[in-house]
Amino acid sequence: MEIAPAVHAVRLLNVYAYLVCEPQMTLIDAGLIGSGRRVERYARRLGRSMDELRRIVCTHAHPDHIGGVRELAGDREVEVLMHPADLAGLEVTLRDAVGNRNRGQLIAYFTRHPGEATPMVEGDVLPILGGLQVVHTPGHTPGSVCLYAPRFKLLFVGDALQVIRGKETIASQVFSEDIAEARSSVARMAELDVETIAFSHYRPVTDGANGILRTLAQSAASAVSS
Ligand SMILES: [Zn+2]
Ligand SMILES: [Zn+2]
């Protein structure tokens, strides 16, 4: 499904990855382990080959987003980008995970490491879609980022937002590491001019995106102050 020029939502197991088909291809998130073949099949239907894959951009380091990185990057010259706060989170030993009984650390321990990754931080602009801006929106994980393409008013939110019973809302309380931080991060999204919100686990929203983000930011702010 093409959600913006050259941007395809690729349905994987329970999650979307986004394939940007410019002369070189970029993948935003890579699904669970085993997702590689699905992405490859999708690309082939467009007449493209994974040899044209230049980079994989990770919205955060959960296993349903980075599990497929290694198999897709393979031995190719593929750059893997991730926020350093989530990269650090992956360097967890079993003793850390069990000793602290912290859910984030447990998830990290059982997440397949994506291998070498380049840190990307707030304010970085990736050379795709006319300049894709990295917006650090911590909370769901410390290194969660949104990716914003002003040219297409397109915002990839990863798991920083979700949709429950047809209504957009902030990140999951159960699966997020710092829900207060997740609330504050919505204000960052509401500053942007957005027409399309591309989620990881739900179909994109193309109607009233700016209004949705502003309303969410307002209710998040009042939840913080109350
Ligand atoms: Zn997640
Ligand atoms: Zn997820």
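Histidine 65 and aspartate 159 are both buried, and in this predicted model each of the two residues is a donor to the zinc ion (ligand 2). Aspartate 159 also coordinates the zinc ion (ligand 1), and the two zinc ions are 3.5 Å apart. The points below take each zinc site in turn and then describe the sheet and a helix that lies across part of it.

**The site of the zinc ion (ligand 2)**

- The protein donors here are Asp64 (OD), His65 (NE2), Asp159 (OD) and His201 (NE2), which coordinate the zinc ion (ligand 2) at 2.1 to 2.3 Å.
- Along the sequence, the donor residues of the zinc ion (ligand 2) follow the spacing D-H-x93-D-x41-H.
- Histidine 65 belongs to helix H2, whereas aspartate 159 sits in the loop between strand E11 (154-158) and strand E12 (161-164), so this pair ties together parts that are 94 residues apart in sequence.
- The four donor atoms of the zinc ion (ligand 2) make angles of 86 to 157 degrees, and the site is irregular; the arrangement does not count as tetrahedral because that would require all angles to lie between 85 and 135 degrees.

**The site of the zinc ion (ligand 1)**

- His60 (NE2), His62 (ND1), His140 (NE2) and Asp159 (OD) are the protein donors of the zinc ion (ligand 1), and they lie 2.1 to 2.3 Å from it.
- The arrangement around the zinc ion (ligand 1) is irregular because its four donor atoms subtend angles of 93 to 162 degrees.
- In sequence, the donor residues of the zinc ion (ligand 1) are spaced H-x1-H-x77-H-x18-D.
- Histidine 62 is found in the loop between strand E5 (53-57) and helix H2 (63-66), and histidine 140 in the loop between strand E9 (132-136) and strand E10 (145-149), so the pair ties together parts that are 78 residues apart in sequence.
- Histidine 62 and histidine 140 are both buried.

**The sheet and helix H1**

- An open sheet of seven strands has the order E1-E2-E3-E4-E5-E6-E7, with mixed pairing.
- At the edges of this sheet stand strand E1 (2-4) and strand E7 (118-119), each with a single partner strand, so one side of each is left without a neighbour in the sheet.
- Strand E4 (residues 25-28) and E5 run parallel and are joined by four bridges, and the bridge partner of leucine 27 in E5 is isoleucine 56.
- Helix H1 (residues 36-45) lies across strand E2 (7-12), strand E3 (15-21) and E4, and runs at about 140 degrees to E2.

Note on methods
Residues are numbered from 1 along each chain as its sequence is written. Chains are lettered from A and ligands numbered from 1 in the order in which they are written. This is a predicted model: local features need pLDDT of at least 70, side-chain atom pairs count only at pLDDT 80 or more; totals for chains, interfaces and linings use all residues. Side-chain values use heavy atoms; hydrogens and water are left out. Donors are N, O and S atoms within 2.8 Å of the metal (3.2 Å for Na, K and Ca); water is not among the atoms, so sites may look incomplete. Four donors count as tetrahedral if all angles lie between 85 and 135 degrees; four count as square planar and six as octahedral if opposite donors are over 155 degrees apart and all others between 65 and 115; anything else is irregular. Helices (H or I, at least four residues) and strands (E, at least two) are DSSP runs, numbered from the N terminus. Buried means under 20% relative accessible area, exposed over 50%, partly exposed in between (1.4 Å probe, protein chains only). Two strands pair if DSSP finds at least two bridges between them. Contact means heavy atoms within 4.5 Å. Axes are lines fitted to C-alpha atoms, for helices over the stretch in contact, and angles run from 0 to 180 degrees between N-to-C directions.
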